[in-house]
Amino acid sequence: MKKFSIDRHKISLLFFCLFLFSNPLSNAVDYIFLTLSLLTCLTRENLSVLKKGILPYALLLFGSAVLSGIAAADKELWLRWTSTYLEYAIVIFVTYCIVKSKSDVIFSFVAMTCSSLPITIYAFFFQWLKGKEVVGSFHYYTAYSAYQALALLAPFILAVYNFRKKSFYFWFAIFFFEFFVLYVSSARGSFISSVIGLCLFVILIFRIKGLIAAVAILLFGLLAPIKRNVGITNFLDLLNFTYTANYERIMFWKVAIFKIFPLSPIIGVGAGHFAYHYRYLNPKDPLANSVAHAHDTFIQVLTDMGLVGLTCLVVLLYQYYKQTINIFKTSSRFQWALSSVLLTFITGYWLGEGLTGNMFYGRMQLEILAYFMALSTIKLTD
């Protein structure tokens, strides 16, 4: 029985790594692998993790999305968005079930790095060297570059863990190349997250290589080729409220808070219904028919799921930081590298992508975010 249990764990981990690998390449395939991983690890013993870590709070957030269905005008739209919050909880559940040791984490990190590199290389060749937009199936890179920002965590953590070994240079090279390509893309939220990641690396380089090397790497990153309103200009645009993208976001937030939220302040107007109501309440806006979400995770949750949903989200984040900081304080070696990087980088991700985008809109970044948030609250066995 014990042997079967071990084999079952390995099979579930394999399916989960295949899910991570296929995540940026095929929505249909990654759904299949996630489902197989869930079914494999769905045992009576593993059901105990329903009370573990941040999972109960993720389930409460999903529950608030379900509750918002009472006020939802478009039940199909509500069901589609509600399933997104359920998927977030499922990834957390599977992570708690199958990730037990350092080797499990490294195995999944290698799968994630292998899945992100082909897109990075393709984007680098077409978007930067040739000055073209990434098109076709690789449009995922520009449409969901938030996934790329999260995928950077895998080589980053492995580099931090191996900073006294020769393998440090290998993981550093992968991280820096992916960072460079993402840096010259036009994803503002991911840009902020990546700069925070770069600063972490500069601190690490300073510790082991000295001030000159650290300053050289920082300047190389910040002075990356400026093109198509990217690079350092992306940061300057964040401070310019007359800039088109900022002006549009401010308009979305005003309509959400002052017009949509009052319609149903307690339970919200329905998961995913911000855009649905925006079209009717602000018809003069030329973007009314194309807006997809509120471009702010907290405002989106507030309007969609009301004060109940926002409370659940805040409690979820509070529990995440509480549990991760506790592990960070008592950890060493790999666990320390994992906790410190996840804690810092995910903070930057919530500040960058969470406040200017929507963490629950794109499936890829949502799934990887759920994985990393759960991962940083797990006490590994080795």
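This is a short chat about a predicted model of one protein chain.

Colleague: What secondary structure does the protein chain have?
Modeller: The model is predicted. The chain comes to 17 helices and zero strands.

Colleague: How much of the chain is buried?
Modeller: Of its 382 residues, 54% count as buried.

Colleague: And what does the chain expose?
Modeller: About 16800 Å². Carbon and sulfur atoms supply 70% of that area.

Colleague: How many of the contacts join residues at least 24 apart?
Modeller: Take the contacts between residues at least 6 apart in sequence. Of these, 76% join residues at least 24 apart.

Colleague: Where does UniProt place the "transmembrane region" feature?
Modeller: The UniProt entry is unreviewed. It gives several spans, including residues 54-73, 298-321 and 333-352.

Colleague: What do residues 298-321 look like in the model?
Modeller: That span is 100% helix and 0% strand. Its end C-alpha atoms are 17 Å apart.

Colleague: How far apart are the end C-alpha atoms of residues 333-352?
Modeller: They lie 28 Å apart. This span is also 100% helix, with 0% strand.

Colleague: New topic. Which helix holds Gln319?
Modeller: Gln319 sits in helix 15, which covers residues 297-329.

Colleague: Is Gln319 buried or exposed?
Modeller: Buried. Its relative accessible area is 13%, and buried means under 20%, so Gln319 qualifies.

Colleague: What does Gln319 touch?
Modeller: Gln319 touches Ile54 and Tyr57, leaving out residues up to four places away in sequence. Tyr57 is one of the helix 3 residues that meet helix 15.

Colleague: How do helix 3 and helix 15 cross?
Modeller: Helix 3 is residues 55-67. The two axes come within 9 Å and cross at roughly 170°. That makes helix 3 roughly antiparallel to helix 15, because angles over 145 degrees count that way.

Colleague: Which residues meet there?
Modeller: From helix 3, they include Leu60, Leu61 and Ser64. From helix 15, they include Met305, Gly309, Cys312 and Gln323.

Colleague: What about Val314, how accessible is that one?
Modeller: Val314 lies in helix 15 too. Its relative accessibility is 46%, so Val314 counts as partly exposed.

Colleague: How far is Val314 from Tyr57?
Modeller: They are 257 residues apart along the chain. Their C-alpha atoms are separated by 9.6 Å.

Colleague: Switching again. How covered is helix 8?
Modeller: Helix 8 runs over residues 153-161 and is mostly covered. Nine of its nine residues are buried. Among them are Pro155, Phe156 and Tyr161.

Colleague: And helix 17?
Modeller: Helix 17 is mostly covered as well, with 13 of its 13 residues buried.

Colleague: What span should helix 17 have, at 1.5 Å a residue?
Modeller: Helix 17 is residues 363-375, and its 13 residues should span 18 Å. The count used is one less than the number of residues, because that is how the expected span is set. The end C-alpha atoms of helix 17 are 18 Å apart, which agrees.

Colleague: Last one, Glu87. Where is it, and is it buried or exposed?
Modeller: Glu87 is found in helix 4, residues 75-98. Glu87 counts as buried, at 6% relative accessibility.

Colleague: Which residues is Glu87 in contact with?
Modeller: Tyr31, Leu34, Arg363 and Glu367, leaving aside neighbours within four places in sequence. Arg363 and Glu367 fall in the range of helix 17, residues 363-375.

Colleague: How far is Glu87 from Ala370?
Modeller: They are 283 residues apart in sequence. In space they are 9.1 Å apart, C-alpha to C-alpha.

How values were computed: Residues numbered from 1 in each chain as written. Predicted model: local features only at pLDDT ≥ 70, side-chain atom pairs only at ≥ 80, totals over all residues. Heavy atoms only, no water. UniProt positions renumbered as here; feature names shortened; annotations may be inferred. Helix = DSSP H or I, 4+ residues; strand = E, 2+ residues; numbered from the N terminus. Buried < 20%, exposed > 50% of the residue type's maximum accessible area, 1.4 Å probe, protein only. Contact = heavy atoms within 4.5 Å. Areas by Shrake-Rupley, 256 points an atom, 1.4 Å probe, with all protein chains shown as cover. Axes fitted to C-alpha atoms, helices over the stretch in contact; angles between N-to-C directions. Parallel < 35°, antiparallel > 145°, perpendicular 65-115°, else oblique.
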